[in-house]
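Colleague: I am new to this structure and would like a close look at a single part of it. Please pick a starting point and go on from there in plain terms.

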Amino acid sequence: MFSPGTCAKYYPQVIAVFVLVSVAFFVLMRGSQIIFEGQQAAPFAGPPWIHKDMTLENSILFHTRFMRLESHTIRAKNGEVINGWMWVDFHDQVNVLAQDSHNNFVVIRQEKYGLAKPTLSVVSGSIALNESPKEAAVRELLDELGLVAKEWVFLGKYRTDVNRGGGFVHSYLARKATPKRGQRPPTNEMEQQEVVRLSQHGLTQALLGSEFGEAKWSNTVALALIRLATPGAPTLAEDVPVNQQ
């Protein structure tokens, strides 16, 4: 039996442990509630990715209206079965590099959460359900820069991460882009944006200088420059995004 003196000695430690456990329990319950509410209110709308030759089963771990995290069981080409293969489904996206009627390229300088310093970017955004990639590209160009283009060049469709998902990006070069009459200048309260016009040489130097901080943007710019330098290059057929198949 503990004496009253012994109990008094450990009383502060007991109180501290009790408070710590109570706080941890509250944080855990509140976090679970936020996750549950987020999943219930706005589930991810796109279908899961199933590789017809490799996917054995898949289960959803977490989702929001922007993405879905899954655990896959796959059979590798050597016959090995791998459990717990993490996969992220994300909305397909468009990237658009705009070129105006003076052959200057219109890009955006802005700050992004995942980068430590300002970056150049092309126009980018998610493809809505029941929207074609071309329709999304036209919409995003108008929304972000207030421009409409007379000529569109499809540069290809690319998986953003071949082993972990992340959706596909559809890249475009929008040529002879001009301001739409009556269109109000775009604003973005969350991100500071500056419109930048570059010559073809300036765009090349910016690309080689790693001024486009995201791999998808750099890919789109490089593809556009190669396409412009390759007269007679074959025209690519546009594809239906995965979330509409």
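**From one residue to a pocket**

Modeller: Leu 203 has a relative accessible area of 0%, which is under the 20% limit, so Leu 203 counts as buried. This is a predicted model, and what follows is computed from it. Leu 203 belongs to helix H3, which covers residues 200–208. Its C-alpha atom is 8.7 Å from that of Leu 225, a residue 22 positions away in the sequence. After H3 comes a loop that leads to helix H4 (215–228), and Ser 210 is in this loop. With a relative accessibility of 57%, over the 50% limit, Ser 210 counts as exposed. Its phi is positive, near 60 degrees, and Ser 210 is not a glycine. Most residues other than glycine have a negative phi.

For orientation, here is the whole chain. The protein has four helices and ten strands. In sequence order they give the pattern α-β-β-β-β-β-β-β-α-β-β-β-α-α. Of the 245 residues, 33% are buried.

The part to look at closely is a pocket and the aromatic residues that go with it. The second largest pocket has a volume of about 240 Å³. Its lining consists of 13 residues, and those closest to the pocket centre are Trp 49, His 51, Trp 85, Trp 87 and Val 162. Two elements, strand S2 (67–75) and strand S3 (81–90), each give two or more residues to this lining. S3 gives the most, with three residues. By type, the lining has eight nonpolar residues, four polar ones and one charged one.

Several of these central residues have further partners. Trp 49 and Trp 87 form one aromatic cluster together with Phe 168. Phe 168 in turn has a charge over its ring: the charged end of Lys 157 is 4.5 Å from the ring centre. Trp 85 has a similar arrangement with Arg 164, which lies over the face of the Trp 85 ring at 4.5 Å from its centre.

Trp 87 can be followed further. Its side chain is joined to that of Asp 89 by a polar contact of 3.0 Å. Asp 89 is in strand S3. At 7% relative accessibility, Asp 89 is under the 20% limit and is therefore buried. On the backbone, the C-alpha atom of Trp 87 is separated by 9.9 Å from that of Leu 61, with their positions 26 residues apart along the chain. Leu 61 is part of strand S1, residues 55–63. Its relative accessible area is 46%, between the 20% and 50% limits, so Leu 61 counts as partly exposed.

Aromatic pairing in the model goes beyond one example. There are four aromatic pairs, counted where the ring centres lie within 6.5 Å. In one of them, the ring centres of Trp 152 and Tyr 172 are 5.9 Å apart and the ring planes stand at 85 degrees; that angle is over 60 degrees, so the pair is edge-to-face. The pair links distant parts of the chain: Trp 152 is in strand S8 (residues 147–161) and Tyr 172 is in strand S9 (residues 165–179), 20 residues apart. The two partners differ in exposure: Trp 152 is partly exposed at 21% relative accessible area, whereas Tyr 172 is buried at 1%.

Strand S9 also holds Lys 176. This residue is not a glycine, yet its phi is positive, at about 55 degrees. Lys 176 has a relative accessible area of 42% and so is partly exposed. Another contact involves Arg 175, whose side chain makes a polar contact of 2.9 Å with the side chain of Gln 99. Gln 99 is in strand S4, residues 93–100. The relative accessibility of Gln 99 is 2%, so Gln 99 counts as buried.

To return to the pocket: Trp 49, Trp 85 and Trp 87 are among the residues closest to its centre. Of these, Trp 49 and Trp 87 share a cluster with Phe 168, and Trp 85 has Arg 164 over its face. Trp 87 is also in polar contact with Asp 89.

Technical notes. Residues numbered from 1 in each chain as written. Predicted model: local features only at pLDDT ≥ 70, side-chain atom pairs only at ≥ 80, totals over all residues. Heavy atoms only, no water. 1 Å grid on protein atoms, 1.4 Å probe; cavity = no way out; pocket = protein on both sides within 12 Å on 5 of 7 lines; lining within 4 Å. Points joined across faces, edges and corners; volume = space filled by probe spheres on them. Nonpolar A, V, L, I, M, F, W, Y, C, P; charged D, E, K, R; others polar. Phe/Tyr/Trp six-rings, centres within 6.5 Å; stacked < 30°, edge-to-face > 60°. Buried < 20%, exposed > 50% of the residue type's maximum accessible area, 1.4 Å probe, protein only. Lys NZ or Arg CZ within 6 Å of the ring centre and 35° of its normal. Polar contact = N/O pair within 3.5 Å; in protein donor to acceptor, adjacent residues only side chain to side chain.
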